[in-house]
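User: I should like to learn how to read several features of a protein model. Could we begin with enclosed space and continue with strands and charged pairs?

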Amino acid sequence: MRERPAVPAWVLLAAVVVTLCAVDLAWTAVDSGPSSASLTRVPPVIEVCLLALAVAVAQAVGVRWRRRAEAAAAAAAVAEVEADRLLKAIDSTSAVIYMRDKDGRYLLVNRQYEQLFDVRRADIIGLTDHDLFPKEMADDFRANDLKALAHGAPLQMEEIAPHPDGPHTYITVKYPITDLAGQASAICGISTDITALKRAEERERRLNTELEARVRSRTAELEASTRELDAFAYSVSHDLRAPLRAVAGFSEVLLEEYMDQLDKPGKDYLRRVVAATERMGQLIDDLLNLSRASRAELTRQPVELSAIARRVIADLALTGPPRPLSELDVTIEEDLRAVCDPALLELVLRNLVSNAWKFSAKRDKPRLHFGSVQQDGTHAYFVADNGAGFDPRYAEKLFVPFQRLHTVEDFPGSGIGLAIVARIIARHGGRVWAQSSPGNGAVFYFTLPEHPDHSDHADDADHAEAAAPEEGTAP
């Protein structure tokens, strides 16, 4: 059931007064009859009631105004508490916060603003940026204020402000504050100091500039070294080969035409000279191959490695291998493919296969296997043999030029072949490593990126990381 609204007291009092007046008038009319005097005279009871009514109305109005004043005072107190809480909140932040009216006069600043510019809040109210900062800087601040007011929404910008240790850069967000009519009446700004970040970026930019300069200088030095290496390679290829061919040729003539005039030691000496010239020729070839592996431009394309391996073995069979091809158990997996430089990968397989052939030649049943395997989620190719093997403690020396784990008398060679392999694989962005033990053969693994980025990788002479041996399972 709905509750009836309460009737105000003054309304009840007025009703009583009206009732009394009506009774009094009726009584007067009955008692003395109608007359002009009795009609104009106001009975005392009515005067009393009217006075009481006036007092009641005045009291009711006073109570209402007092309640309104009390409500306004309470609202003002609440607003003051909220304003104090808001001021404490903006004072506790590390950002610079301020508020200016449409004419640019300060209405509010937080404590961070006071500390930054060494001013008191009470002293800055009513001032403008032109009263506080140099004209050019103040003009920029004012222009940004007007831009935010015209934009009608928050606007972000960079601003420069003075500081004891020099100008500081701030990221500032400015947004207009509207009145009850929806019109922009003030502008509020929140600025965050990003000077440390800017200075770090500048240091990084200077370092990058210096690094680029050093890279250009280093590149120029490398280009000069490359030209010198090219000249050396040309000299090796032409100037050294001519006298070497002469020594070998005259030695062979002596062995053929003057065989009867030489004693046994003389013949042995000449044979040693011929063998030495052959080794020197092979060394020159290997040095040129190493140079080519380091500097030749990569031409990547899909290549069938299985076909290259078969061609390499066929070529080796024609050049006088340690054992006839018929005595070698050769296994080449079919359809092994990769994206690589075909000429350089042929050089890789030629070195690995010839090594396997050479080091397994002393076995009763020499074996050579070219295949592929998955290791740690990576597709790796391998060349395996059942030859002499090597001590795994010295595996890192295998890929360094002129480092040997066997004597020339046991296994002839220049000591450069595996360095060529490591250089080529590293330039392709792959890795190479070996696994072995003495007398149990060796396995040489190498990887090639499945999706090369077509960039020529930098390659140092030793490529320690590329040549580092890893644990694996030999096939």
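User: Which elements each supply at least two residues of the lining of the largest cavity?

Analyst: Rolling a probe the size of a water molecule over the atoms reveals where empty space remains. In this predicted model, strand S1 (96–101), helix H4 (111–117), S3 and S4 each contribute at least two residues to the lining of the largest cavity. That cavity holds about 140 Å³ of space. Among the 16 residues that line the largest cavity, Tyr-98, Phe-117, Phe-141, Glu-159 and Ser-191 are the closest to its centre. A search of the whole structure finds one cavity of 30 Å³ or more.

User: How many nonpolar, polar and charged residues does the lining of the largest cavity have?

Analyst: The lining of the largest cavity comprises 10 nonpolar, two polar and four charged residues.

User: How are the two faces of a strand to be read, and which residues of S3 lie on the covered face?

Analyst: In a regular strand, side chains alternate between the two faces of the sheet. In strand S3 (residues 155–161), Leu-155, Met-157, Glu-159 and Ala-161 form the covered face. The uncovered face of S3 consists of Gln-156, Glu-158 and Ile-160. Glu-159 therefore belongs to the covered face of S3, in keeping with the alternation of side chains in a regular strand.

User: How many bridges join S3 to strand S4, and in which direction do the two run?

Analyst: S3 and strand S4 (residues 168–178) are antiparallel and are joined by seven bridges. Gln-156, for instance, has Val-173 of S4 as its bridge partner. Six residues lie between the strands of this hairpin, and Gly-166 adopts a positive phi near 115°.

User: How should charged pairs be read, and how many salt bridges does a search of the whole structure find?

Analyst: Side chains of opposite charge can pair when their charged atoms come close. Here the search of the whole structure finds 22 salt bridges. One of the pairs is Arg-199 with Asp-165, whose closest N and O atoms are 3.7 Å apart. This pair links distant parts of the chain: Arg-199 lies in helix H7 (residues 195–257) and Asp-165 in the loop between S3 and S4, 34 residues apart.

User: Are Arg-199 and Asp-165 buried, partly exposed or exposed?

Analyst: Arg-199 has a relative accessible area of 36%, so it is partly exposed. Asp-165 is likewise partly exposed, because its relative accessibility is 47%.

User: Which residues are linked in a network of salt bridges?

Analyst: The network links Arg-100, Asp-129, Asp-145, Glu-159 and Lys-174. Glu-159 has already appeared among the residues closest to the centre of the largest cavity. Elsewhere, Arg-120 and Asp-123 meet through their side chains in a salt bridge (3.0 Å, N to O).

User: How is an open sheet to be described, and what is the strand order here?

Analyst: The description gives the order of the strands and then their pairing. The open sheet of five strands has the order S7-S9-S10-S12-S11, with mixed pairing. Its edge strands, S7 (329–332) and S11 (432–436), each pair on one side only. From one strand to the next the twist averages 25°. S11 and strand S12 (residues 442–447) run antiparallel and are joined by five bridges, and Trp-433 stands opposite Tyr-445 in S12.

User: Where does Ala-361 lie, and is Ala-361 buried or exposed?

Analyst: Ala-361 is in the loop between helix H10 (342–359) and strand S9 (367–375). Because its relative accessibility is 13%, under the 20% limit, Ala-361 counts as buried. The C-alpha atoms of Ala-361 and Gly-387 are separated by 7.2 Å, although the two residues are 26 apart along the chain.

Note on methods
Residues are numbered from 1 along each chain as its sequence is written. This is a predicted model: local features need pLDDT of at least 70, side-chain atom pairs count only at pLDDT 80 or more; totals for chains, interfaces and linings use all residues. Side-chain values use heavy atoms; hydrogens and water are left out. Buried means under 20% relative accessible area, exposed over 50%, partly exposed in between (1.4 Å probe, protein chains only). Helices (H or I, at least four residues) and strands (E, at least two) are DSSP runs, numbered from the N terminus. Two strands pair if DSSP finds at least two bridges between them. A salt bridge is a side-chain nitrogen of Lys or Arg within 4 Å of a carboxyl oxygen of Asp or Glu. On a 1 Å grid over the protein atoms alone, a cavity is a set of points where a 1.4 Å probe fits but cannot get out, and a pocket is an open set with protein on both sides within 12 Å along at least five of seven lines; lining residues have an atom within 4 Å of a point. Grid points are joined across faces, edges and corners, and a volume is the space filled by probe spheres set on the points. Ala, Val, Leu, Ile, Met, Phe, Trp, Tyr, Cys and Pro count as nonpolar, Asp, Glu, Lys and Arg as charged, and the others, Gly among them, as polar. Axes are lines fitted to C-alpha atoms, for helices over the stretch in contact, and angles run from 0 to 180 degrees between N-to-C directions.
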